[in-house]
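Here's a quick tour of some strand pairing and ring contacts. Have the structure open while you read.

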Amino acid sequence: MPLPVQRILIPGLLLLAGTSTADNDLNWVDREEMATFPAVQQRSIPEWCGGIYYNPAVGIPVAGSDTVVTADHSTMSQNGLIELNGDVLIEQPGSRITTDSAQLDQATGKFQLENGMRLESDQATFIASSMSGQTRRKEGSLLGVRYSLFNTAARGSADYIFLNETTTTITRGTYTTCAPGSNGWSLEGERIFLDREKGWGEASNVVLKVKSMPIFWLPWMTFPIDDRRKTGLLFPTIAIGDSSGGLDITQPIYVNIHPQLDATIGPRFIDGRGEGVDSEFRYLTPWGEGDISYGVLFNDRKFDDEDRQVARWTHNGNINRWNLKTDFNYVSDDFYFKDLDTGLEISSQTHLPRLAEARYYGRTWQVLGRMQSWQTIDPTLADQDLPYRRLPQLQLTGDPTLYGPLKGLWLSDVTSFERSGSDDSGKATGLRAHLAPALNLRLQQPWGYLEPRARLYHTRYELDSVDTNAEDNPDITTWGASLDSGLFFERPSRWFGEAYTQTLEPRLFVNKVAFKNQDFLPNFDSRELTFSYNSLFRENRFIGYDRIGDEEKLALGLTSRFLHDATGREQLRLRLAQGFYFEDRKVVTEQTVEDPTDDQTPLVGDARWNFARDWYLYTEAQWDLEENERERSSFQIGYNDRERRVVNLGYHDRPEDDIRESEISGILPIHRHWRMVGRWMYDLENKRTLETIAGAEYRNCCWKLRLLSQRELVDDDGDGDLEADSTIWVQIQMVGLGGFGGQVDALLERSIPGYRRQYD
């Protein structure tokens, strides 16, 4: 008979968590069963798992809802004792209890369920031989329990469980995230405590079993039950390499200092070299977020028993309209990155930056303050090839409105350039001030635009360490004018039954910069831009302010886009452009990109085709029409489903530099549980492999395994000769007991475009 009772058992009691050696009676739903549910009740199942814990029959919790009790027989005594017998069902939206007999004392809130019980909610399932508790204190205890936890896909068993709204205490229990019927791994503990409010569990007298075989024993341990952070061991990274010294093991320890502060400390052992530590400290403040990394290898036996160190500090943040950024790097020797890979994710470079800058972004004016220097780690570079330090650089830019569409463009930059105290190249140092004010008038309509601009260039120096015949305070002043214009045409079109809008966008750019001899000026930071489509439409063909590129040029460009009417997505973009010179260029640098006597640029074109939701194709080519020969070309095709599949195929050809390279990379599932990982870079010109990465990943509900082999050409001795170096990476994780990533994820993010570790 139905017996409505207001709040007979509290919702918190019916929303408990736990573990299981579950079968289908713990609400494990496989793919076949999920397909039988109504569409609104179906849930996605991770590709690598055969099912999930899910119970749509209990519905969704509703705050303040009544509890309805039904039973074959029910009695109520005058002192408030309720007895229920025969097919007892205690139910409210989102939870229910079934049992053969139950007793509830309304006066005290105590209850007793005997002869077996089943507790189900939208979060968990418990099956126990008996249950008792106190509704007013929102707590209960169960004997002889099996359970499943939906959010963490965990299951287990226990002799005894005590639970309340936020915690679960398991006595002589087990815990695993493996699917029903699998004994891949399990934790067995004398006492397991799960704190759902904090997201972590702890266990004492713990035995970790793999395939029912004891692997190791711990007196105490903690582990996550959701994605929140807590101090503890992370899973180790194991690598085997030629140059690194053989077996390389790092055991990271995570330290959760504060919600805005944490650290990772990784003791490291390299067979053949010695011991060390990699560490990382992360912080989050009202002024931004930052990362401080430090690694040391003590007494490297393959490096004259010297200590070897690497460090980095990065910061990025905002205070009102100010953006603050730092990037400081340090390494103890030039060969650190050649000999030792590091989990600090600092890639090997010729120059390591040391940068601190502050930028102010106003509506009209922007301010930049910067301090920048470099640590050069290429021993083959001569002093004269080392970069200058900016100590400091101050810049002011703005675009104030003068009248209607007429704007003033302001650029001023003052920089002090210095060199290392040990530098004996004799190159000049000193102060440079650069001004480049302009008047700009942009006339724009939906069908096109016209933008004339006139600019004055002035650069002045105060130099030190100059030759006796050189001027201490040289300066130049010149001017430039440009006209940029474009038209927009549209027409409807249909492709493969879909409606598109096709655009045709011709562009004309005329640029004149007056010649001024600049051979007597120092060159602190200027170089000619690599030729591309976008470089055709620039005022100055140099970057940096030491050289102002004289030219009289007409550039013509044509762009056509196909825009999908239903989504607005750019499905296809085609561009073609070429420049024509009316005078030879007289201002050049030591490294000239283009012949200054050419009267036209190469014809440059590119195309990007997003030919499917996850596929794209990009190609670019440059053709010298005068010589009727190709200058460079590239081709890339990529696929990324933003879940588990990434494919990249590329080809790059620069005949003038004797560079012809191909690249293939990807991560491809070959089975529900297996993914292949690979990258191959090949030098077609010299017929040699530059780098290969090959490996496999295995994942199911309870395991993640990775095995990668990397082979690359490196310059171990700094003499310019490349030699092959091989490394093997191994990672193992028991799902639910730690994170998966570190050095292997950093390697894949650097090597495979489009890969992101969250896909795992």
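The notes below go through a few strands and then the aromatic side chains.

## A strand with two partners

Keep in mind that this is a predicted model. Let's start with β13, which runs over residues 167-175. How many of its nine residues are buried? Seven of them are, so to speak, out of sight, and the strand is mostly covered.

On one hand, β13 pairs with β12 (residues 154-164), in the antiparallel sense and over five bridges. The two strands make a hairpin, with two residues between them. On the other hand, β13 pairs with β14 (residues 185-195), again antiparallel, this time over eight bridges.

Gly173 is a handy spot to see both pairings. In the β12 pairing, Gly173 of β13 is the bridge partner of Ala158. In the β14 pairing, Gly173 stands opposite Gly189.

## Trp28 and Tyr53

Now for the rings. The count of aromatic pairs comes to 20. Take Trp28 and Tyr53: their ring centres are 5.0 Å apart and the planes meet at 70°, so this pair is edge-to-face. An angle over 60 degrees is what earns that label.

Where do the two residues sit along the chain? Trp28 belongs to strand β2 (residues 28-30) and Tyr53 to strand β3 (residues 51-53), so to find the partner you step along 25 residues, and the pair links distant parts of the chain. Trp28 and Tyr53 are both buried.

## Phe417 and Phe524

Is the next pair stacked or edge-to-face? The ring centres of Phe417 and Phe524 lie 4.3 Å apart with the planes at 20°, so they count as stacked. The cut-off here is planes under 30 degrees apart.

Phe417 is in strand β30 (residues 406-418), while Phe524 is in the loop between β37 (498-513) and β38 (527-528); the pair therefore ties together parts that are 107 residues apart in sequence. Phe417 and Phe524 are buried too.

This pair also belongs to something wider: ring pairs link Phe417 and Phe524 with Tyr388 and Tyr461 into a cluster.

## Arginines over rings

One member of that cluster, Tyr388, has a charged neighbour as well. Arg419 lies over the face of Tyr388, 4.6 Å from the ring centre.

Which residue sits over the ring of Tyr449? That's Arg442, whose charged end is 4.4 Å from the centre of the Tyr449 ring.

Methods. Residues are numbered from 1 along each chain as its sequence is written. This is a predicted model: local features need pLDDT of at least 70, side-chain atom pairs count only at pLDDT 80 or more; totals for chains, interfaces and linings use all residues. Side-chain values use heavy atoms; hydrogens and water are left out. Buried means under 20% relative accessible area, exposed over 50%, partly exposed in between (1.4 Å probe, protein chains only). Helices (H or I, at least four residues) and strands (E, at least two) are DSSP runs, numbered from the N terminus. Two strands pair if DSSP finds at least two bridges between them. Rings of Phe, Tyr and Trp (its six-membered ring) pair if their centres lie within 6.5 Å; planes under 30 degrees apart count as stacked, over 60 as edge-to-face and the rest as tilted. A charge sits over a ring if NZ of Lys or CZ of Arg is within 6 Å of the ring centre and within 35 degrees of the ring normal.
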